[in-house]
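Reader: Hi, I'm new to this one and would like to be walked through it slowly. Could you put it up on the screen first?
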Amino acid sequence: MFSSDNITVIHEVYNQKYEKMLTNLSIKNIILVDQLDIAMKRGLCVLTGETGAGKSILLGALSFALGARASASLLRHGEKQGSATAVFDIKRNKKVREFLQGQGIEFENEVILRRVIYEDGRSKAFINDSPVSVGLLAQISEFLIEIHGQHEQKGLMDPSTHMSILDEYGQLGHQLRVVREVYLEYQGLKKQLQEMQEVKDKVTAQQEYLKHVVRELELLNPAVGLELELDHTREKLMNRERLIEAVNSAYSTLTENEIESNIQSVQSILVNNQGLVGDFTPIASTLERVLIEL
C-alpha cells in the first residue's frame, strides 16, 4: 500500500520459491467498513488512494488479524462484533507447517488467521478455525508477513534475522542441520558429564563421612558388652527423676516418723533393763545394726 503523504509497505516474507503468500483479506464491521473481501493476485499488489480513502483501515484490519493489540474503537459504530480474516498460501512455507504441527493444528495448503472483536473490547483468535491465544496468533504471523511502516523497525534492521537470511541466501540448510545436530549432541554429552560429576561429588562426600565415622569408632574402641552397658546406663538416666523421687519419699517417711529416735529409745530400755528379766543383748545388737543401716 502506498500513499503520497504516508507511505506504508506490506512486505511478505518471500523468496524465489514462493509465488505468493497472502491470498485473501476479509473485513467485516471494522471502523467504517461494513464488509470487504480482497483477493491478492500473483506478483506485486498495490493499493493507492488519497488521504482518508481508507488505506490505513485495511492495514489496521490486517494487523488486527495478525495478533496486534486492539480495542473496542476498532469496531464499527453500532455493531456488536467485527472480524478480520487473512488467508495465506503455505504450500512451501516449511517453518509455518512445522509450527502448526507443533501446536497440533490441522492444515493443508493454506492457513487462515481470524480475529473477532466485541463491543466490550474483548477479542478471540482462531487459526484454521481452532481457538488460540492472541500471543500464538502473533507468533505464527512472524513466519508469514512483515509490515513495514514509516517509523517501524524493519526485518533487515533486526540483528536477530541476519543469520537466517545469510544461511538461506548461501543455501546452507544442510550444513545448518548438521551443525544443529552436532550441537545438540554436544549439549546432551555436556549434561551427562555434569550429572556424572555430581554423582562423583556425592560419592566423595559420602566416602569422607564414612572415613570420619571409622575414625570416631577407632577412638572410642568399643569392647564386647559395651552396648548392653550403655543401654542400661541410658535406661537409668531416663528414669533418674523417678529414682530421685522414690529415694526422697523413703527418706521423708523415715525422718518424719522419727524411726531412728524410737529405735534408739527401745535399745536403751533393753540395755538398761536386761538384768531384770533376761539377756536382751542379741536384740540390742540387732537394733544397733538397724541404726547403723539407717
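Author: Let me begin with one pair of strands: β6 and β7 pair in the antiparallel sense, and three bridges hold that pairing. Please keep in mind throughout that this is a predicted model.

Reader: Okay, which residue in β7 is the bridge partner of Phe-126?
Author: The partner of Phe-126 is Pro-131, which belongs to β7.

Reader: And how many residues lie between the strands in the hairpin of β6 and β7?
Author: There are two residues between those strands, and in this hairpin Asn-128 takes a positive phi near 50°.

Reader: What does β6 do with β5?
Author: β5 and strand β6, which covers residues 123-127, run antiparallel and are joined by five bridges. Within that pairing, Ile-117 stands opposite Ser-123 of β6. These two strands also form a hairpin, with four residues between them, and there Gly-121 has a positive phi near 95°.

Reader: Stepping back, in what order do the strands of the sheet come?
Author: The order is β3-β2-β4-β5-β6-β7, so named across an open sheet of six strands with antiparallel pairing. At the edges are β3 (33-39) and β7 (130-132), each of which pairs on one side only. From one strand to the next, the twist averages 15°.

Reader: What holds strands like these together in general?
Author: Strands of a sheet pair through backbone hydrogen bonds, and the pairing can be either parallel or antiparallel.

Reader: Going along the order, how many bridges join β4 to β5?
Author: Nine bridges join strand β4, residues 81-89, to strand β5, residues 110-118, and the two run antiparallel. As one example of facing residues, Gln-81 stands opposite Tyr-118 of β5.

Reader: I clicked on Thr-85; is it buried or exposed?
Author: Thr-85, which is found in strand β4, has a relative accessible area of 14%, and because the cut-off for buried is under 20%, Thr-85 counts as buried. Leaving out residues up to four places away in sequence, Thr-85 touches Asn-24, Leu-25, Ser-26, Ala-65, Ile-112, Leu-113 and Arg-114.

Reader: Then what about β2, how many of its residues are buried?
Author: Strand β2 spans residues 22-30, and seven of its nine residues are buried, so β2 is largely enclosed by the rest of the structure. On one hand β2 pairs with β4 in the antiparallel sense over six bridges, with Lys-28 having Ser-83 of β4 as its bridge partner. On the other hand β2 pairs with β3, again antiparallel and over six bridges, and here Leu-25 stands opposite Ile-38 of β3.

Reader: Which residue has a positive phi in the turn of the β2 and β3 hairpin?
Author: That residue is Ile-31, with a positive phi of about 50°, in a hairpin that has two residues between β2 and β3.

Reader: Changing topic, where is Ile-90, and what does it touch?
Author: Ile-90 is found in the loop between β4 and α2 (94-103), and Ile-90 is buried, with a relative accessible area of 0%. Not counting residues up to four places away in sequence, the residues touched by Ile-90 are Val-96, Arg-97, Leu-100, Phe-107, Asn-109, Glu-110, Val-111 and Leu-144. The C-alpha atoms of Ile-90 and Asn-109 are separated by 5.4 Å, although these residues are 19 residues apart along the chain.

Reader: And α2, at what angle does it pack with α3?
Author: α2 and helix α3, residues 134-141, pack at an angle of about 155°, and their axes are 10 Å apart. That makes α2 roughly antiparallel to α3. The contact involves Val-96, Phe-99, Leu-100 and Gln-103 of α2 together with Leu-136, Gln-139 and Ile-140 of α3, and by class it has five nonpolar, two polar and no charged residues.

Reader: What about α8 and α9, how do their axes cross?
Author: The axes of helix α8 (residues 259-272) and helix α9 (residues 281-293) come within 9 Å and cross at roughly 160°, and these helices are therefore roughly antiparallel to each other. Their crossing is left-handed. By class, the contact of α8 with α9 has nine nonpolar, two polar and two charged residues.

Reader: Last one: how many helices and strands are there in the protein chain?
Author: The protein chain has nine helices and eight strands, and buried residues make up 25% of its 294 residues.

Key: Residues are numbered from 1 along each chain as its sequence is written. This is a predicted model: local features need pLDDT of at least 70, side-chain atom pairs count only at pLDDT 80 or more; totals for chains, interfaces and linings use all residues. Side-chain values use heavy atoms; hydrogens and water are left out. Two strands pair if DSSP finds at least two bridges between them. Axes are lines fitted to C-alpha atoms, for helices over the stretch in contact, and angles run from 0 to 180 degrees between N-to-C directions. Buried means under 20% relative accessible area, exposed over 50%, partly exposed in between (1.4 Å probe, protein chains only). Contact means heavy atoms within 4.5 Å. Angles under 35 degrees count as roughly parallel, over 145 as roughly antiparallel, 65 to 115 as roughly perpendicular and the rest as oblique. A crossing is left-handed if the near helix is turned anticlockwise from the far one by less than a right angle, and right-handed if clockwise. Ala, Val, Leu, Ile, Met, Phe, Trp, Tyr, Cys and Pro count as nonpolar, Asp, Glu, Lys and Arg as charged, and the others, Gly among them, as polar.
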